[in-house]
2 protein chains.
Amino acid sequence: MRNGPDISEVAALIGDPGRAHMLLALLDGRALSAGELAGEAGVTLQTASGHLARMVEAGLLCVEKQGRHRYFRLATAEVAEALSALLALADQGARRRVRTGPRDAAMRKARSCYNHLAGEMAVRAYDSLRQRGLIVVAQDGLDLSDAGHAAFAGLGVALTGSRKPLCRECLDWSERRMHLSGPLGTGLLTMVLDRGWARRETGSRVVAFTQTGEAAFRKAFPLTGDV
Amino acid sequence: MRNGPDISEVAALIGDPGRAHMLLALLDGRALSAGELAGEAGVTLQTASGHLARMVEAGLLCVEKQGRHRYFRLATAEVAEALSALLALADQGARRRVRTGPRDAAMRKARSCYNHLAGEMAVRAYDSLRQRGLIVVAQDGLDLSDAGHAAFAGLGVALTGSRKPLCRECLDWSERRMHLSGPLGTGLLTMVLDRGWARRETGSRVVAFTQTGEAAFRKAFPLTGDV
DNA sequence: GGAACACTTCGGTTTCTGCCGAAGCATTCA
DNA sequence: TGAATGCTTCGGCAGAAACCGAAGTGTTCC
């Protein structure tokens, strides 16, 4: 008998295997059509349609109509954060029986989260920026210092548009550390892909770095203690 | 059709209104008996017992047997984090219809989260410590600098025990900012209560500061820009 | 216009699970 | 030892919802 927002409604929505599959498929930030999501969840189109309608109604997803397709994506960064937190929980629960497989190694190293970079490489970038004073704690979140602006301009990351909530922190479920999200995190991911330092693995959230790409990334985001 | 940890299982568990009520009741970090939790959820004892058994089995809760009572508490900080993330989601969903009531003002100002302090006051303490260089980004999380150790000793916060993951960051669902968790966050909360700067409001997570207590807190954790 | 396609809505079946009454353990107190 | 208390287990019921077949809406292509 308590007031306040009702967790159980959202949680129950995520609590259906079909819907959970769809949400996880969208966690990399891309927009997928209803048909693709139905295939992902392993249900028929009409079942998926019902699920999607409910998730849009609840504010978990947003829709973009394009011709005879309807593309769905996660509505807000909060949704991605909640999913990440639940992933960490489920992971912790499963960790008792099985050891993390070799397939997960690539996921731990680098993957896309919502629309930014996550994993070891993302945490490295975050720590490097913090250490070098390129991002600083501001009144409402993190802010990019002047030197930081210069550094990102040098890397070819465009940071136009509203610069108010330029960068945010996001908890990393494999590293249990913070990494960058927000426009800055998004710009970082697109930069890495544009430069060919890494490419998305089809059908998964893995972001696979090339050997030279990883070296370039490490050089761009040095940490004290590096060789 | 995907591998990886199964979110839906945990989410479905949290997705039942009764279980969600119990979990939220435990979010302040205290241990409650099965009977108290049954009352909280508004169900009979035998129903609650089933719910609790399932949540323990899933690793959401842990039990401590004491005489003929069984006390339940959240198993890990990850559970509290996931609940906070879901709270943020549910809050965002509800924000469309109703405006946040006056009762919520106290919650926003200060409340207990798991076993540490959250809300505006907690964010202030975190920012102050960051600004003054008393906590620094370390290899695996945050670390307390030597000056930080001295400062906390001066405040009477005991920091014995394993000092490895001394402080962690935790996302604040009302402020959307980081605040302290971990031993340091716990110590902060107990210090505030011990000194009589604030007291827990019975039956809620609100931590109510006294007028002098708030002034003392603000003095102990100054921010540039203060009067 | 008609066919193909992407998706939604409707209706009915089936499965799941939350719920409580009753009975069963375990612990404490007299 | 017996009664009271706190909690768990069992069994059956009732409501919810996930699912798919079939039919309907809107868009594109020929």
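**Aromatic pairs and the surface near DNA strand D**

In the predicted model, Phe217(A) has a relative accessible area of 0% and is therefore buried. Phe209(A), at 16% relative accessibility, also counts as buried, because the limit for a buried residue is under 20%. A pair of aromatic rings is described by the distance of the centres and the angle of the planes. For Phe209(A) and Phe217(A), the centres are 5.3 Å apart and the planes meet at 75°, an edge-to-face arrangement. Ring pairs join these two residues with Trp197(A) and Phe221(A) in a cluster.

In chain B, the ring centres of Phe209(B) and Phe217(B) are separated by 5.3 Å; the angle between their planes is 75°, so this pair is edge-to-face. Phe209(B) is buried, with a relative accessible area of 16%, and Phe217(B) is buried at 0%. Over all chains, the structure contains six aromatic pairs.

DNA strand D is surrounded by 19 residues, and the closest include Gln46(A), His51(A), Arg54(A), Ser49(B) and Arg70(B). Of the atoms of DNA strand D within 4 Å of the protein, 67% belong to sugar and phosphate. A polar atom in the side chain of Gln46(A) is 2.7 Å from a base nitrogen of the strand. The side chain of His51(A) places an N or O atom 2.7 Å from a phosphate oxygen of DNA strand D, while for Thr44(A) the corresponding distance to a phosphate oxygen is 3.2 Å.

Helix H4(A) provides four residues, the largest share of the surface near DNA strand D. By residue class, this surface comprises three nonpolar, 10 polar and six charged residues.

Note on methods. Residues numbered from 1 in each chain as written. Chains lettered and ligands numbered in written order. Predicted model: local features only at pLDDT ≥ 70, side-chain atom pairs only at ≥ 80, totals over all residues. Heavy atoms only, no water. Near = heavy atom within 4 Å. Polar contact = N/O pair within 3.5 Å; in protein donor to acceptor, adjacent residues only side chain to side chain. Helix = DSSP H or I, 4+ residues; strand = E, 2+ residues; numbered from the N terminus. Nonpolar A, V, L, I, M, F, W, Y, C, P; charged D, E, K, R; others polar. Phe/Tyr/Trp six-rings, centres within 6.5 Å; stacked < 30°, edge-to-face > 60°. Buried < 20%, exposed > 50% of the residue type's maximum accessible area, 1.4 Å probe, protein only.
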